[in-house]
Amino acid sequence: MTWLLALITAIAAVLLLPPLRRTLLTGPIFAAYKKLLPTMSQTEKEALEAGTVWWEGELFSGRPDWKKLLDYPQPKLSAAEQSFLDKECESLCAMVSDWDTTQIHNDLAPDAWAYIKENGFLGMIIPKRYGGLEFSAYAHSAVVQKLSTRCSAAAVSVMVPNSLGPAELLLHYGTEEQKNHYLPRLAKGQDIPAFALTNPHAGSDAASIPDTGIVCKGIWQGREVIGMRVTWDKRYITLGPICTILGLAFRLQDPDHLLGDINDIGITCALVPTNHPGVNIGRRHFPLNAVFQNGPNSGTDVFMPLDWIIGGPDMAGQGWRMLMECLAAGRSISLPSSNTGMSKLAVRATGGYARVRSQFKTAIGKFEGIEEPLARMGGYTYMMDAARTMTAGAIDLGEKPSVVSAIVKYHVTERTRQVVNDAMDILGGKGICLGPNNFMGRAYQQIPVAITVEGANILTRSLIIFGQGAIRCHPFVLKEMEAARDEDAAKGLRNFDAALVKHIWFAWSRGFRAWSMGLTGSHFGPVPDDVAPETHRYYQQLTRFSAAFAFLSDVSMVVMGGDLKRKEKLSARLGDILSLMYLCSATLKRFEAEGRQAEDAPLMHWAIWDAMFKMQNAFEGVISNYPNRFIAAVLHWYIFPLGRPYEVASDQLGHEVASKLIAPSATRDRLTAGMYVPRDPVAAENDAVGVIELALEATIAAEPIDAKLRAAEKAGKVGAGDTATKLSHALEAGILSAEEVALVKRRNHLRDKAIAVDDFPQDFSVETTEAKKPLRAAA
């Protein structure tokens, strides 16, 4: 007993007395940690430190504060923003279509470009004092979403100038002279901006761009000045072929030390007028039949003054930091908004089509084989829109959530890919024949563009979400890294010791929490006050998964160390867990913010069950592929002591979701809120989406009449013949009224237009005959 007490006393002394602990325990660990910690370049450091940590930090904590989530204000449009959506945005949608832009103009029509410029679409993020609209991030998102339900060229042409580019960089880093000159011109569309970063040899690895600028002396406006001679070769630059002002990223070097002692100054961003001698623009790429302006640009030894650097000469070498700090805002809005819009178009139009289109005397939307993809489309879209809204709200709160922006970019675009594929499966032959009556074909062709841009999805999932999240969102890892890199070794050891002790307690407590909640089925987990009773279990299970994720992350970083960065498949699955917790959080917040709509509950339940099941699989994927099998077995016992709690969403729940999509209802309207649907009956009848809306209403109104007619046929009261003959017999026999016959005839007319597939002359030439004018009007 004496020896045992002595041993306990010695251990307690080491653990509880910081000087002794640092000498005997954390000091040796600190020394080993410094050797193991990989070197970090300045660009890596700037990328890591860019942006802010928001709700994802709570999810990484292992004990998320759900009240904090629910207290975040729900974003709302101002009166001016709502008016812009209802008027200017609606008018632009009516002017354009994917068929027109891709088949006739190979661009937006000239009148559409003029309307965009005159009405301030290119200056949504520019403050009013410079002539811009100064819209909120949520309004910016709503505009992009609406345009994306109508025409990709319009959406992208508006989206890019309001994302990461000259206006955004000028607002944050430009000199007053630069702001006063460029921002009013950008707001009015007098200048068209583009930003050139990607080089043929530096795509995903953008920090390694070989484009160079050499500081040198040259003649500018008749006198010798210190400037830079820049050589670059860029590609994939949206609006590049028509831009008048080019934001250009290059690595600035000063071999003659004209600016100081530093040779490699670093990545620098400049604004270059494209009419400047030596700037080559104009050629276009053709990205999967999309016709938004996109192409390469280049220049060789183009001399330009240092004043063209964004922020002036003092900001030379600060370009990567500028880009990383501004990236989160644009990536949080552009692709999540455009892809959510695309999904809303798919859901509303395909759901309506599935009710209008009948086979085997049954609406195809009532077949279980069609219900399955419809349920997936509805659940995914509900969750995507929740994530879009919550993330845009974060930007309006002043956040720059770099990890969240990667989450929504990846998961919204991937879900949209699935939604579009599901829509194409349901549409069948109508979906694969292009023409003005095909509302999905161009989206199907162009979805890989969204998957690829602003960080290719494979890269984003396997390297960024968890790779950056594990350091930025973890409460102690970044502190430990900063301590190890502190030039004051004594101070670094003190900070490392303090962080490590808390980190160890954090890991142990989260492991115990995950295990205990697993044993109790998380039934005693925390639930926020005043939330819908039907969601209580979701909050409890998410708390359990948050604790398990924190524990699994810590164990993985200890077991694999720096190798975890190279275990991309494991890193990707860990990122999936974090991402799915974020998507579930957004979905629960949406359900509360919209007043717990009972009719919408199936959408919420399906989305949560699907995400929880996938989250569970991601945990299994990490543990099953763990390099140390003994630790893998221990982890499985800790995280799933009683087995896996989630199964796939039930068929009954899927049926309830699918039924919401194939009939007009408030739920269907909320699910697809913000998309463009022609409201004028005449215009709607000649529009691919509008005619489905009209046909859906007529179909549902005519269904009781169809039943009456079938009963009469069965009873022998209506003779044989085609539909017109049967209707005539039923009218003569008094089985149907004149109004009922007229309604069925109108339904048949609208149905035939809704299911029509376009056809063209042998040479696919533009048609001018009177017979084809209605077809062209639909374009």
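**Close-up views of a predicted model**

**View 1. The salt bridge between D385 and K344.** In this predicted model, D385 and K344 form a salt bridge in which the closest N and O atoms are 2.8 Å apart. The pair joins distant parts of the chain, since D385 belongs to helix α14 (residues 368-396) and K344 to helix α13 (residues 319-356), with their positions 41 residues apart in sequence. D385 counts as buried because its relative accessibility is 6%, and K344, with a relative accessible area of 1%, is buried as well. Both residues also belong to a network of salt bridges that links K344, D385, R388, R590 and E594. The structure as a whole holds 30 salt bridges, and two further pairs are shown in the next views.

**View 2. The salt bridge between R348 and E693.** R348 pairs with E693 in a salt bridge whose closest N and O atoms are 3.0 Å apart. R348 lies in helix α13 and E693 in helix α28 (residues 688-714), so this contact ties together parts that are 345 residues apart in sequence. R348 and E693 are both buried.

**View 3. The salt bridge between R644 and E620.** Here the closest N and O atoms of the salt bridge between R644 and E620 are 3.7 Å apart. R644 sits in the loop between α24 (629-639) and α25 (651-661), whereas E620 is part of helix α23 (residues 601-624), so the pair ties together parts that are 24 residues apart in sequence. The two partners fall into separate accessibility classes: R644 counts as partly exposed because its relative accessibility is 37%, while E620, at 15% relative accessibility, counts as buried because the cut-off for that class is under 20%.

**View 4. Helix α11 and the elements that surround its buried residues.** Helix α11 (residues 166-173) is mostly covered, with six of its eight residues buried. These buried residues are P166, A167, E168, L169, L170 and Y173. They pack against two helices, α12 (176-187) and α13, and against the strands β1 (193-196), β4 (245-253) and β5 (264-273).

**View 5. The second largest pocket and its lining.** The second largest pocket has a volume of about 730 Å³, and 23 residues line this pocket, with K361, D706, R710, R747 and R751 lying nearest its centre. The elements that each give two or more residues to the lining are α13, β8 (362-363), α28, α29 (723-732) and α30 (738-754). Helix α28 supplies the largest share of the lining, nine residues. Sorted by class, the lining of the second largest pocket comprises eleven charged, seven nonpolar and five polar residues.

**View 6. P305 in strand β6 and the residues it touches.** P305 is found in strand β6 (residues 294-305) and counts as buried because its relative accessibility is 7%. When residues up to four places away in sequence are left out, P305 touches W220, G227 and M228. For one of these residues, G227, the C-alpha atom is separated from that of P305 by 4.3 Å, although the two residues are 78 residues apart along the chain.

Technical notes
Residues numbered from 1 in each chain as written. Predicted model: local features only at pLDDT ≥ 70, side-chain atom pairs only at ≥ 80, totals over all residues. Heavy atoms only, no water. Salt bridge = Lys/Arg side-chain N within 4 Å of Asp/Glu carboxyl O. Helix = DSSP H or I, 4+ residues; strand = E, 2+ residues; numbered from the N terminus. Buried < 20%, exposed > 50% of the residue type's maximum accessible area, 1.4 Å probe, protein only. Contact = heavy atoms within 4.5 Å. 1 Å grid on protein atoms, 1.4 Å probe; cavity = no way out; pocket = protein on both sides within 12 Å on 5 of 7 lines; lining within 4 Å. Points joined across faces, edges and corners; volume = space filled by probe spheres on them. Nonpolar A, V, L, I, M, F, W, Y, C, P; charged D, E, K, R; others polar.
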